[in-house]
Amino acid sequence: MKKQLTAIIMVLTLLFTGAANVYAAEAPEGMEKATKEFLKEEYYDYKSDTLDLNSDTFQKFVVETPAEEGKESKEITIYAALADFQTVRDNIFTFDRKETVYFNATDGVMMTSTEIAALNDKSLSAYKDQFEHLGKKMNLGWILFLHSLLLIVPAYFVFVWGNQVYSITRFTIKNNLYNQHHTFN
């Protein structure tokens with residue numbers, strides 16, 4: 001009975017967590033392309049085809065722009081998402097980056113963080129604050145491999161190659177220079 005109850009609870013948990021993803025906002029048309037172009041302009045070392053807009057983090061905001069001189073305020077639709085991408089410097093140093101990106105669906109352009117701050121919308125600023133570990137993280141795989149070569153290559157020459165090349169004992173035994181091979185009959 002306990003096993004059946006546990007199985008039912010697990011199935012219900014899977015159904016409800018899957019259903020939550022269905023109701024999440026979807027990316028508007030052109031957001032991914034605009035984000036790629038925006039990142040290419042923002043980062044000179046942006047690695048193409050590494051952009052991943054996390055579909056679980058899409059959120060739609062309807063914000064009213066502040067009134068400026070000669071312009072009236074208007075409502076715009078902004079889609080926010082968490083973007084994962086890579087930047088590569090000198091073909092060795094790779095960085096994984098996580099940033100929030102904002103797409104103005106009304107005008108079809110990406111918005112910078114200063115433009116978002118100028119809107120003075122609390123929900124937009126709270127969106128960015130909900131994520132931890134935003135920023136960049138350096139991948140140390142290649143660097144550690146290259147540094148390990150600084151230890152491995154000299155150790156190979158000292159302990160393996162050097163002993164084989166300058167081994168006088170091996171040569172003398174092989175050629176019987178000191179008459180060490182005795183046959184007892």
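Start by selecting arginine 89: in this predicted model, arginine 89 is partly exposed, with a relative accessible area of 31%. Now add aspartate 45 to your selection. Its side chain and that of arginine 89 meet in a salt bridge, 2.8 Å from N to O. You'll have to travel along the chain to get from one to the other: aspartate 45 sits in the loop between α2 (31-42) and β1 (52-53), while arginine 89 belongs to strand β3 (residues 75-89), 44 residues apart. Is aspartate 45 buried or exposed? Aspartate 45 is buried, because its relative accessible area is 7% and the cut-off for buried is under 20%.

How many salt bridges does the structure hold? There are 2, so pick lysine 74 and aspartate 107 next to see another pair. Their closest N and O atoms are 3.7 Å apart. Here, too, distant parts of the chain are linked: lysine 74 is in the loop between β2 (59-64) and β3, and aspartate 107 is in the loop between β4 (93-104) and β5 (109-111), 33 residues apart. Lysine 74 is partly exposed at 42% relative accessibility, and aspartate 107 is partly exposed at 44%.

Time to head for the nonpolar residues. Select Met31, Leu39, Leu51, Leu53, Phe85 and Val101: within the largest nonpolar core, which has 16 residues, these touch the most other members. Two or more residues of this core come from each of α2, β3 and β4.

Zoom in on phenylalanine 85. Leaving aside residues up to four places away in sequence, its contacts include Leu39, Tyr43, Tyr46 and Phe95.

Last stop: another core lies apart from that one, with 13 residues, including Phe61, Ile76, Ile78 and Ile116.

Conventions: Residues are numbered from 1 along each chain as its sequence is written. This is a predicted model: local features need pLDDT of at least 70, side-chain atom pairs count only at pLDDT 80 or more; totals for chains, interfaces and linings use all residues. Side-chain values use heavy atoms; hydrogens and water are left out. A salt bridge is a side-chain nitrogen of Lys or Arg within 4 Å of a carboxyl oxygen of Asp or Glu. Helices (H or I, at least four residues) and strands (E, at least two) are DSSP runs, numbered from the N terminus. Buried means under 20% relative accessible area, exposed over 50%, partly exposed in between (1.4 Å probe, protein chains only). A nonpolar core is a set of buried Ala, Val, Leu, Ile, Met, Phe, Trp, Tyr and Cys residues joined through side-chain atoms within 4.5 Å. Contact means heavy atoms within 4.5 Å.
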